[in-house]
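This report describes the surroundings of a bound ligand and a surface patch. The sequence and the structure are shown below.

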Amino acid sequence: MGTKAELLNGKQYAAAIKEEVAQRVERLKSETGIKPCLVVVRVGADPASEVYVNSKVRTAQDLGITSEHRHMPAETSEDELLAVVLELNEREDVDGILVQLPLPKGINESRILEALDPQKDVDGFHPVNAGRLSQGEPALVPCTPAGIIDMLKRAEVQLSGADAVVVGRSNIVGKPMALLLIRESATVTVCHSRTKDLAGVCSRADLLIAAVGVPGLITADFIKPGAVVIDVGMNQLEDPEEAKGFFPDDQLAKRLRTIEKRGSTLVGDVNAKAAMEKASLFTPVPGGVGLLTVAMLMKNTVEAAIKRRATRGAANSGG
Ligand code: NDP
């Protein structure tokens, strides 16, 4: 079978979101003098977290958003981290606070995330924002699922009435993804590790979203011909033999070179060869969803700045 699917280019969609954010930042500054400010807190020396945080801080700066990186040592206690969060909550100039996950063992993530001021919770993980999202109220929405919806709309994918299947039920991706799709009037099924006949359920989906963390879990028999397939997974594939069944012919040589050079190559939860043969639209890994996440974080920061400062303005004027 030949290659049929069209690739959804995350770089292009992320660039469109960032361009709009940069324009809003510029307007906000010229009309009100406000410069949005994002603080990213990182604890410990996890190398993947370092890459993500650097990218967030750099992107913010590129778009005219003030950004601060608070790097705390691995031995930081829960109370010390809590104190930093509370200090940032109080700081008038700070619009967005992001605590990079995962946190070192011994720190209770929920306690930290619940301490964030919901109005500054640009990751959208606070129970207030999760609750507002589930009730269909305006909220700060987790960046990865929000970015996927934004991209699907820009690509003019029909969501209303579509049969959507989300594989994964995490608070970060799967659950908010399902809620956003319900908001768009899709008919949503959420699958997880206990789902019976996963392939059968997935193969009925017009829109299939995989957020699992298992390389290549989604194979050809999971994909309805012509489906839109969104691959959120970020996994490392090390075995050259496995790679041969994973990538379409035109990508294979490059991937094998990467494995040879670095020991592994970044892959998603979807077998790329199968998706290219059966889907109509597919997000590549890398180059798909990952890029949208950072762009949406910037959008959330500007929205948090506008909303919080407007509320404060109303409160100050007695409104
Ligand atoms: P979690 O580990 O929190 O959740 C994984 C989900 O997948 C769980 O609901 C789990 O089910 C389900 N699952 C695991 N194995 C299977 C299986 N064999 N069949 C069906 N369902 C299964 O992961 P996250 O949601 O945080 O992340 C998912 C993936 O997305 C990861 O690869 C992560 O790296 C990536 N990611 C990418 C982002 C990006 O920007 N591109 C951002 C965030 C995540 P159960 O609940 O029953 O255990």
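Which atom of the ligand lies 2.5 Å from a polar side-chain atom of S193? In this predicted model, the partner of that S193 side-chain atom is an oxygen atom of the ligand.

## Polar contacts of the ligand

S170 also places a polar side-chain atom by an oxygen atom of the ligand, at a distance of 2.5 Å. For V232 the polar atom belongs to the backbone, and it is 3.5 Å from a nitrogen atom of the ligand. The ligand taken alone exposes 920 Å², and 69% of that area is buried by the protein.

## The shell around the ligand

There are 21 residues around the ligand. Those that come nearest are R169, S170, S193, M234 and T293. S170 and S193 thus appear both in this nearest group and in the side-chain contacts given above.

By class, the shell consists of ten nonpolar residues, ten polar residues and one charged residue. Among the elements of the fold, helix α12, which spans residues 289–316, gives the most to the shell, with three residues.

## A nonpolar surface patch

M234, one of the residues that come nearest to the ligand, is also part of a nonpolar patch on the surface, together with V51 and Y52. The accessible area of the three residues together is about 290 Å².

Within this patch, V51 is found in helix α2, residues 47–62. V51 has a relative accessible area of 55%, which is over the 50% cut-off, and therefore counts as exposed.

Terms used. Residues are numbered from 1 along each chain as its sequence is written. This is a predicted model: local features need pLDDT of at least 70, side-chain atom pairs count only at pLDDT 80 or more; totals for chains, interfaces and linings use all residues. Side-chain values use heavy atoms; hydrogens and water are left out. A residue is near a molecule or strand if one of its heavy atoms lies within 4 Å of it. A polar contact is a pair of N or O atoms within 3.5 Å; within protein, one must be able to donate a hydrogen and the other to accept it, and residues adjacent in sequence count only if both atoms are side-chain atoms. Accessible areas come from the Shrake-Rupley method with a 1.4 Å probe; for residues, only the protein chains shown count as cover. Helices (H or I, at least four residues) and strands (E, at least two) are DSSP runs, numbered from the N terminus. Ala, Val, Leu, Ile, Met, Phe, Trp, Tyr, Cys and Pro count as nonpolar, Asp, Glu, Lys and Arg as charged, and the others, Gly among them, as polar. Patches are made of residues with over 30% relative accessible area and no salt bridge: like charges are joined within 9 Å, nonpolar side chains (Val, Leu, Ile, Met, Phe, Trp, Tyr) within 5 Å. A salt bridge is a side-chain nitrogen of Lys or Arg within 4 Å of a carboxyl oxygen of Asp or Glu. Buried means under 20% relative accessible area, exposed over 50%, partly exposed in between (1.4 Å probe, protein chains only).
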